[in-house]
Amino acid sequence: RGGRGLEDAPRVRKAEQGRAAGVLGAAEWSWLGHSDGALAAGDPLRGELVREIRRLRPDLVLAHDPRTLWAIVGGITHPGHSDHRAAGQATLDAIYPRSVSPNFHPDQLAGEDALKPWYPREVWLFDTSQPDLRVEAEEHFEAKLAALCEHAIQEAVGAGGLLDAARAIGRHWGAGDRPAEAFVRLRLY
């Protein structure tokens with residue numbers, strides 16, 4: 001868009017994500033600053049996620065399903081993004097064993113800004129082809145679409161872009177005209 005090159009992508013993506021978070025009413029969001037297409041499931045990403053888990057102390061963590069190489073929705077194949085798989089795997093690795101154990105990233109547990117180990121109750125994996133939980137999304141689906149509109153750098157994804165893909169996936173997992181989101185639900189305790 002407007003001839004922006006890849007060197008501009010991190011700045012543009014950060015701004016897009018900030019606007020999307022605002023559309024969704026997020027009071028706080030974190031930017032880890034990794035480059036598109038280069039995300040790896042190991043450290044330093046795992047350590048950054050451990051820090052966020054320990055800092056936020058969530059009962060529920062939402063993450064990409066790292067097993068999704070592709071999903072077929074309405075006869076159309078949606079390839080999985082390597083960054084999404086890496087983010088999902090790194091999140092699972094950060095949750096266990098790292099965020100709960102003082103043996104991992106002990107520097108986070110000391111000093112003035114010391115955090116405490118934390119273990120969430122559940123993880124819900126989205127962007128999955130093997131869901132065991134479907135949540136009706138009709139009430140908030142327009143907000144999801146509005147947030148996706150903030151990602152203009154990706155507007156050319158597929159024939160109809162992110163919005164058409166989101167609508168198709170919502171219909172696929174939903175009932176009738178009521179869209180749904182699909183997850184793999186992992187109860188940890």
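A nonpolar core is a set of buried residues of the kinds Ala, Val, Leu, Ile, Met, Phe, Trp, Tyr and Cys, joined through side-chain atoms within 4.5 Å. In this predicted model, the largest such core has 13 residues, and the ones touching the most other members are Leu49, Ile53, Ala94, Ile95, Val123 and Leu125. Four elements each put in at least two residues: helix 2 (45–56), strand 1, helix 3 (82–99) and strand 4 (122–126). Helix 2 gives the largest share, with 4 residues.

Ile95 is a handy place to look at this core up close. Setting aside neighbours within four places in sequence, Ile95 is in contact with Ile53, Val61, Val100, Tyr119, Pro120, Val123 and Leu188. Two of these partners, Ile53 and Val123, are also on the list of core residues that touch the most other members.

Zooming out, the chain has 5 helices and 6 strands, and reading along the sequence gives the pattern α-α-β-β-β-α-β-β-α-α-β. The radius of gyration is 17 Å, close to the 16 Å that the globule rule gives for 189 residues, so the chain is as compact as a globular protein of that length. The C-alpha atoms fit in a box of roughly 50 × 40 × 30 Å along the principal axes. Of the 189 residues, 32% are buried. Contacts also reach across the sequence: among those between residues at least 6 apart, 75% join residues at least 24 apart. On the outside, the chain exposes about 11300 Å², with carbon and sulfur atoms supplying 53% of that area.

Next comes a charged side chain, Asp65, in the loop between strand 1 (60–64) and strand 2 (70–73). Is Asp65 buried or exposed? With a relative accessible area of just 2%, Asp65 counts as buried, because the cut-off for that is under 20%. The side chain of Asp65 makes a polar contact of 2.8 Å with the side chain of Arg67. Not counting residues up to four places away in sequence, Asp65 touches Leu125, Phe126, Asp127, Thr128 and Val184. Leu125 from this group turns up again among the core residues that touch the most other members.

Last up is helix 5, which runs over residues 161–173. From first C-alpha to last, these 13 residues reach 19 Å, close to the 18 Å expected at 1.5 Å a residue. Which residues of helix 5 are buried? They are Gly161, Ala166, Gly170 and Trp173. Their cover includes strand 5 (133–136), helix 4 (141–149) and strand 6 (180–187).

Terms used: Residues numbered from 1 in each chain as written. Predicted model: local features only at pLDDT ≥ 70, side-chain atom pairs only at ≥ 80, totals over all residues. Heavy atoms only, no water. Buried < 20%, exposed > 50% of the residue type's maximum accessible area, 1.4 Å probe, protein only. Polar contact = N/O pair within 3.5 Å; in protein donor to acceptor, adjacent residues only side chain to side chain. Contact = heavy atoms within 4.5 Å. Expected span 1.5 Å × (residues − 1). Rg over C-alpha atoms; globule rule 2.2 N^0.38 Å. Areas by Shrake-Rupley, 256 points an atom, 1.4 Å probe, with all protein chains shown as cover.
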